[in-house]
Amino acid sequence: MKAKDFLNQLRKLDKLITNKLIEIEQWKEIACATASQSMDTDRVQTSGASDKIGNAVSIYTDIQAEINKTIDELIDKKKDVISVLEQLNATEYDLMHKIYVQYLTLNEVACISDNSYSWVTTTHGRALKNVQRILDEREKKEGKG
């Protein structure tokens, strides 16, 4: 796996979780709207509204399970990414943590660290090469084991 792909896994999982949370809120609103709508009607329905509510609740529950699974995956990936970053020197670790774990931009890192944008991009490039080296070494070890 390429270093950047490995590091960007966290951002992708975070986006998946965020989108699922939005989705779950939409289904919650649908279930609540359907429930209040069925309570407001004068005529009694034996099916229809309760089916819609049940369907919305079922989808809501499924999405909640997906969110929990993705959160668990994010926690595991974050531990893995951080363990790789911890193998870098202190300067590279700090920079890469800010970019790939805290999701700061290169410009933000330059401002925070009181360094130039050029310094940040150069250090980032060097750190990516070192992450790739660590990943390659880990892959070789796992292949032999």
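A nonpolar core is a set of buried Ala, Val, Leu, Ile, Met, Phe, Trp, Tyr and Cys residues joined through side-chain atoms within 4.5 Å. Keep that in mind as you work through these exercises on a predicted model.

**Exercise 1. Find out which elements make up the chain and in what order they run.**

*Solution.*
Step 1: Count the elements by type. There are five helices and zero strands.
Step 2: Read from the N terminus on. The order is α-α-α-α-α.
Step 3: Look at how the contacts are spread along the sequence. Among those with a separation of 6 or more, 71% join residues 24 or more positions apart.

**Exercise 2. Describe the largest nonpolar core and the helices that supply it.**

*Solution.*
Step 1: Start with the members. This core holds 25 residues, and those touching the most other members are Leu7, Val81, Leu85, Leu88, Met96 and Val131.
Step 2: Ask where the members come from. At least two residues of the core are supplied by each of α1 (3-40), α2 (49-85), α3 (90-100), α4 (106-113) and α5.
Step 3: Zoom in on Val81. Setting aside neighbours within four places in sequence, Val81 contacts Phe6, Leu7, Leu10 and Val101.
Step 4: Turn to α3. Its buried residues are Glu92, Leu95, Met96, His97, Lys98, Ile99 and Tyr100.
Step 5: Set this against the whole chain, where buried residues make up 28% of the 145 residues.

**Exercise 3. Decide whether Gln9, Glu108 and Lys129 are buried, partly exposed or exposed.**

*Solution.*
Step 1: Recall the cut-offs: buried is under 20% relative accessible area, exposed is over 50%, and partly exposed is in between.
Step 2: Take Gln9, in helix α1. Its relative accessible area is 17%, so Gln9 is buried. Apart from neighbours within four places in sequence, Gln9 is in contact with Met1 and Lys77.
Step 3: Take Glu108, in helix α4. Glu108 is partly exposed because its relative accessible area is 36%.
Step 4: Take Lys129, in helix α5 (residues 117-144). With a relative accessible area of 64%, Lys129 is therefore exposed.
Step 5: Check where Lys129 sits relative to the start of the chain. Lys129 and Ala3 are 126 residues apart in sequence, yet their C-alpha atoms are 7.6 Å apart in space.

**Exercise 4. Locate the side-chain contacts that Asn89 and Glu108 make with backbone nitrogens.**

*Solution.*
Step 1: Begin at α3. Asn89 caps the N-terminal end of this helix, with a side-chain oxygen 3.1 Å from the backbone nitrogen of Thr91.
Step 2: Move on to Glu108. Its side chain reaches the backbone nitrogen of Thr105 at 2.7 Å.
Step 3: Add a distance for Glu108. Its C-alpha atom is 9.1 Å from that of Lys98, ten residues apart along the chain.

**Exercise 5. Explore the backbone angle phi at Tyr103 and Asp114.**

*Solution.*
Step 1: Recall the general pattern: most residues other than glycine have a negative phi.
Step 2: Look at Tyr103. Although not a glycine, Tyr103 has a positive phi of about 60 degrees.
Step 3: Do likewise for Asp114. Its phi is positive too, at about 60 degrees, and Asp114 is not a glycine.
Step 4: Place both residues. Tyr103 lies in the loop between α3 and α4, while Asp114 lies in the loop between α4 and α5.
Step 5: Judge their exposure. Tyr103 has 24% relative accessibility, so this residue counts as partly exposed. Asp114 reaches 70%, so Asp114 counts as exposed.

Key. Residues are numbered from 1 along each chain as its sequence is written. This is a predicted model: local features need pLDDT of at least 70, side-chain atom pairs count only at pLDDT 80 or more; totals for chains, interfaces and linings use all residues. Side-chain values use heavy atoms; hydrogens and water are left out. Helices (H or I, at least four residues) and strands (E, at least two) are DSSP runs, numbered from the N terminus. Buried means under 20% relative accessible area, exposed over 50%, partly exposed in between (1.4 Å probe, protein chains only). Contact means heavy atoms within 4.5 Å. A polar contact is a pair of N or O atoms within 3.5 Å; within protein, one must be able to donate a hydrogen and the other to accept it, and residues adjacent in sequence count only if both atoms are side-chain atoms.
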